[in-house]
Amino acid sequence: MSHKAAEESRNDRRLRAEQAARASGRRRRLRIIIGAVGALALVAVVTVMMLTSRPESSDAIRTAPDFTLTDTAGNPHTLAQHRGENVLLYFSEGAGCQSCIVQMGEIEKQADALAQEDVTVLPIVMNTREQITADMAANGVTTPFLLDDGTVSETYGTLGKGMHAGLPGHSFVLIDKQGQQRWYGEYPSMWLAPQDLLDQVRSKLGA
C-alpha cells in the first residue's frame, strides 16, 4: 500500500471512529433525556395520586336532606326517625371494597365510645342485599347497611369521589340531633383511623 493510500485509510478510520463516537454520544444523551422525562412523568403521577388521595372536609352547616332507605335486615329507615340522635352516615363503595368493609368493622369496635356521644351509625351502599351481606359475613360485620339506588349518595354529594364515577367515595356525614349537617369528610385513601373519626365527631358536635 502506498503512503498516500495508507494515509487515506487512517483518515477513513479516524472519520468512522469520530462518527461512531458522535452517534454514541447522541444515543447517550437521548437515553439521559428519556430517563429524565420518565422520572418527571413518574413524579407527576405520584404527585397527582397524592393530591387526589388527600382527604377533603367541610364544616358547612345545612339542614340534612331526609331520605327513606331499607337496610339489609329489611327495616326501613328515614333520617327523620332519628331526630333527637346524632347520626353518622358512612358512604362507601361497599361490596368488593375490602377496606370499606374493614372500616365498618373498626367503627363497630367503637360502639361504646360512639354511644357516649349519642351517635347512631348508618352505613349506606349502592349494592344489592346479597352482594353486601356476603362481604359482611366474610368480615364479621353485623351493622345493617342501608341500600341506596344512588339517589341519597348523589344528594349528599358523594358520587364519583372514589375510584368509580357511579359509586360513592369513602365519605362521612355527621348530622346533629336537630337534623343539621355539621361535617362532611371525604377520604380517597379509603380509610379513616377510628380514633381520628371519633375526634372529628367529638370536635364537630362540641363546636
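## Helix H2 and its cover

In this predicted model, helix H2 spans residues 98-108, and its buried residues are Cys100, Ile101, Gln103, Met104, Gly105 and Ile107. To read such a list, it helps to recall that an α-helix has 3.6 residues a turn, so residues three or four places apart point the same way. Several elements cover the buried residues of H2, and these include the strands S5 (86-91), S6 and S8, together with the helices H3, H4 (129-139) and H6.

## The disulfide

Which cysteines are joined to each other? Cys97 and Cys100 form a disulfide, in which the two sulfur atoms lie 2.2 Å apart, and a search of the whole structure finds one such bond. The torsion about the S-S bond of Cys97 and Cys100 is about 70 degrees, and the disulfide is therefore right-handed.

Are these two cysteines buried or exposed? Cys97 has a relative accessibility of 9% and so counts as buried, because the limit for that word is under 20%. Cys100 is buried as well, with a relative accessible area of 1%, and this residue has already appeared among the buried residues of helix H2.

## The loop before H2

Ala95 is found in the loop between S5 and H2, where its relative accessible area of 26% makes it partly exposed. Although Ala95 and Ile132 are 37 residues apart in sequence, their C-alpha atoms are 5.0 Å apart in space. When residues up to four places away in sequence are not counted, Ala95 touches Asn127, Gln131, Ile132 and Asp135.

## Salt bridges

How many salt bridges does a search of the whole structure find? The search finds five, and three of them are described here, starting with the pair Lys109 and Glu106, whose side chains meet with N and O 2.9 Å apart. Lys109 is exposed, with a relative accessible area of 61%, whereas Glu106 counts as partly exposed at 21% relative accessibility.

Another salt bridge is formed by Glu117 and Arg202, with the closest N and O atoms 3.3 Å apart. This pair links distant parts of the chain, since Glu117 is in the loop between helix H3 (111-116) and strand S6 (119-125), while Arg202 is in helix H6 (residues 194-206), 85 residues apart. Glu117 is partly exposed, with a relative accessible area of 24%, and Arg202 counts as partly exposed at 33% relative accessibility.

The side chains of Lys177 and Asp118 also meet in a salt bridge, at 3.2 Å from N to O. Lys177 lies in the loop between strand S8 (171-175) and S9, and Asp118 lies in the loop between H3 and S6, so the pair ties together parts that are 59 residues apart in sequence. Lys177 counts as partly exposed at 33% relative accessibility, and Asp118, with a relative accessible area of 32%, is partly exposed too.

## A buried aspartate without a salt bridge

Asp71 lies in strand S3, which covers residues 68-71. This residue is buried yet has no salt bridge, and the nearest side chain of opposite charge, that of Arg129, is 7.3 Å away. What does the side chain of Asp71 reach instead? The side chain of Asp71 reaches the backbone nitrogen of Ala73, at 2.8 Å. Setting aside residues up to four places away in sequence, Asp71 touches His77, Pro144, Phe145, Leu146 and Leu147.

## A buried glutamine in strand S9

Gln181 has its place in strand S9, residues 180-186, and with a relative accessible area of 7% this residue is buried. Its contacts, leaving aside neighbours within four places in sequence, are with Ala60, Ile61, Arg62, Ala64, Tyr156, Val173, Leu174 and Ile175.

## The chain as a whole

The secondary structure of the chain comes to six helices and nine strands, and 36% of its 207 residues count as buried. The accessible surface of the chain comes to about 11500 Å², and 57% of that surface belongs to carbon and sulfur atoms. Among contacts in the chain between residues at least 6 apart in sequence, 67% join residues at least 24 apart. The salt bridge between Glu117 and Arg202 described above is one case of a link between distant parts of the chain.

Conventions. Residues numbered from 1 in each chain as written. Predicted model: local features only at pLDDT ≥ 70, side-chain atom pairs only at ≥ 80, totals over all residues. Heavy atoms only, no water. Disulfide = S-S within 2.5 Å. Buried < 20%, exposed > 50% of the residue type's maximum accessible area, 1.4 Å probe, protein only. Helix = DSSP H or I, 4+ residues; strand = E, 2+ residues; numbered from the N terminus. Contact = heavy atoms within 4.5 Å. Areas by Shrake-Rupley, 256 points an atom, 1.4 Å probe, with all protein chains shown as cover. Salt bridge = Lys/Arg side-chain N within 4 Å of Asp/Glu carboxyl O. Lys, Arg positive; Asp, Glu negative; His and termini not counted. Polar contact = N/O pair within 3.5 Å; in protein donor to acceptor, adjacent residues only side chain to side chain.
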